[in-house]
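Open your viewer, set the cartoon representation, and keep the selection box handy. We will go from stop to stop, picking out a few pieces at a time.

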Amino acid sequence: MSYIDIQNLNFAYHPKRPILKNVSLLVDKGQWIAILGHNGSGKSTLAKTMVGLLDPDSGTIVIDGITLSGETVYEIRKKIGIVFQNPDNQFVGVTVRDDIAFGMENLGFPQAEMLKKIDFYAEKVGMKAYLDKEPAELSGGQKQRVAIAGILAMQMDVIIFDEATSMLDPTARKELMDYIRQLHNEGLTIIMITHDIEEALWADRLVIVKNGEIFRQGSREELLKEPDMFIEAGLELPVELQISNALKKRNLLSVEMEEHLWESSLKK
């Protein structure tokens, strides 16, 4: 049985403008999937329904055998956490220490255990030296790391990154992506919400959303063989794949050159 089982999910902010249309999705424990789509495709709305921030109009979300509902939402939030796009919007503590403690306090962790976890997970994300710092003293990438530490401290099984790199500079973005890969290698289930194909290619599996529906899904190697499909979904190809696609259409692409361009676009 899949760790996350979403079936026939529908959601609309307005009855005449559905955002999600009969979305079904399975995620196994330990997977890294990228939910990829153009702006307004419904991918972030899907993420918010998974953690109970939005109530679907119909359909079911089952996480680790528990069906998400008003009665089970707090149990679900012990299993799955989300890191948002804007780090300032997710920093709720006066200091780094307070922020990491926030979720554990809500879950009723004993004080002694909480203090140990604050130190342990702050060190794990490279933020132990900043525990008494205020949010204004941190960079965007550091705030994202604090958010991750707070989720890890609650011992969650799944982390959703909802466009979490989009407001970071290239260096901070690369650092965060490297850390996400480390978390995945340690066994955490990762769901990455993004409109960036290059970022999505770090994942094992891609789920492409178009106009509120699952348009295509598969391994990155499978989907990279159909570059026009990304364009059809309203996505911009990485430069390497633009070159590969243009040369292929003119019958100027050798097998060796195609493999080189694919390898250049992959992150693993």
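The tour below visits the sheets, a buried charge, a loop residue and some salt bridges.

Before you click, note that this is a predicted model, in which local features need pLDDT of at least 70 and side-chain atom pairs count only at pLDDT 80 or more, while totals for chains, interfaces and linings use all residues. Residues are numbered from 1 along each chain as its sequence is written, and side-chain values use heavy atoms, with hydrogens and water left out.

**Stop 1: the four-stranded sheet**

Select residues 4–14, which form strand E1, and add its antiparallel partner E2; 7 bridges join the two. Helices (H or I, at least four residues) and strands (E, at least two) are DSSP runs, numbered from the N terminus, and two strands pair if DSSP finds at least two bridges between them. Show His14 and you will find its bridge partner in E2, Arg17.

Now widen the view to the whole open sheet: 4 strands in the order E2-E1-E4-E5, with antiparallel pairing. Its edges are E2 (17–27) and E5 (66–67), each of which pairs on one side only.

Next, add helix H1, residues 43–50, which lies across E1, E2 and strand E4 (58–63) and runs at about 60 degrees to E2. For such angles, axes are lines fitted to C-alpha atoms, for helices over the stretch in contact, and values run from 0 to 180 degrees between N-to-C directions.

**Stop 2: the six-stranded sheet**

Which order do the strands of the mixed open sheet follow? Its 6 strands are arranged as E6-E7-E8-E3-E9-E10. At the edges sit strand E6 (80–83) and E10, each pairing on one side only. From one strand to the next, the twist averages 20 degrees.

Two helices pack on this sheet. Select H6 (residues 140–153), which touches E6 and strand E7 (158–162) and whose direction makes about 175 degrees with that of E6. Then select H7 (residues 170–185), which touches E3, E7 and strand E8 (189–194), with its direction at about 150 degrees to that of E8.

Back among the strands, pick E3 (residues 32–37), which runs parallel to E9 and is joined to it by 5 bridges. Ile33 has Arg205 in E9 as its bridge partner. Arg205 also has a bridge partner in E10, namely Ser219.

E9 (residues 205–210) and E10 (residues 213–219) run antiparallel, with 6 bridges between them. Zoom in on the hairpin they make: 2 residues lie between the strands, and Asn211 takes a positive phi near 50 degrees.

**Stop 3: Ala233, beside the hairpin residues**

Select Ala233, in the loop between helix H10 (227–232) and helix H11 (239–249). Buried or exposed? Ala233 counts as buried because its relative accessibility is 1%; buried means under 20% relative accessible area, exposed over 50%, and partly exposed in between (1.4 Å probe, protein chains only). Leaving aside neighbours within four places in sequence, Ala233 is in contact (heavy atoms within 4.5 Å) with His38, Ile208, Lys210 and Phe215. Measure to Asn211 if you like: the C-alpha atoms are separated by 8.7 Å, though the two residues are 22 apart along the chain.

**Stop 4: Asp99**

Jump to helix H4, residues 96–106, and show Asp99. What is the nearest side chain of opposite charge? It is Lys143, 10 Å away, and the buried Asp99 has no salt bridge. Here Lys and Arg count as positive and Asp and Glu as negative, with His and the chain ends not counted; a salt bridge is a side-chain nitrogen of Lys or Arg within 4 Å of a carboxyl oxygen of Asp or Glu. A polar atom of the Asp99 side chain does lie 2.6 Å from the backbone nitrogen of Val92.

**Stop 5: salt bridges**

The whole structure holds 14 salt bridges. Start with Lys124 and Glu186, whose closest N and O atoms are 3.0 Å apart. Lys124 is in helix H5 (residues 111–124) and Glu186 in the loop between H7 and E8, so the pair ties together parts 62 residues apart in sequence.

Next come Asp196 and Arg173, at 2.8 Å between the closest N and O atoms. Add Glu199 to see a network of salt bridges linking Arg173, Asp196 and Glu199.

Finish at Arg216 and Glu226, a salt bridge with its closest N and O atoms 2.9 Å apart.

Key. Polar contact = N/O pair within 3.5 Å; in protein donor to acceptor, adjacent residues only side chain to side chain.
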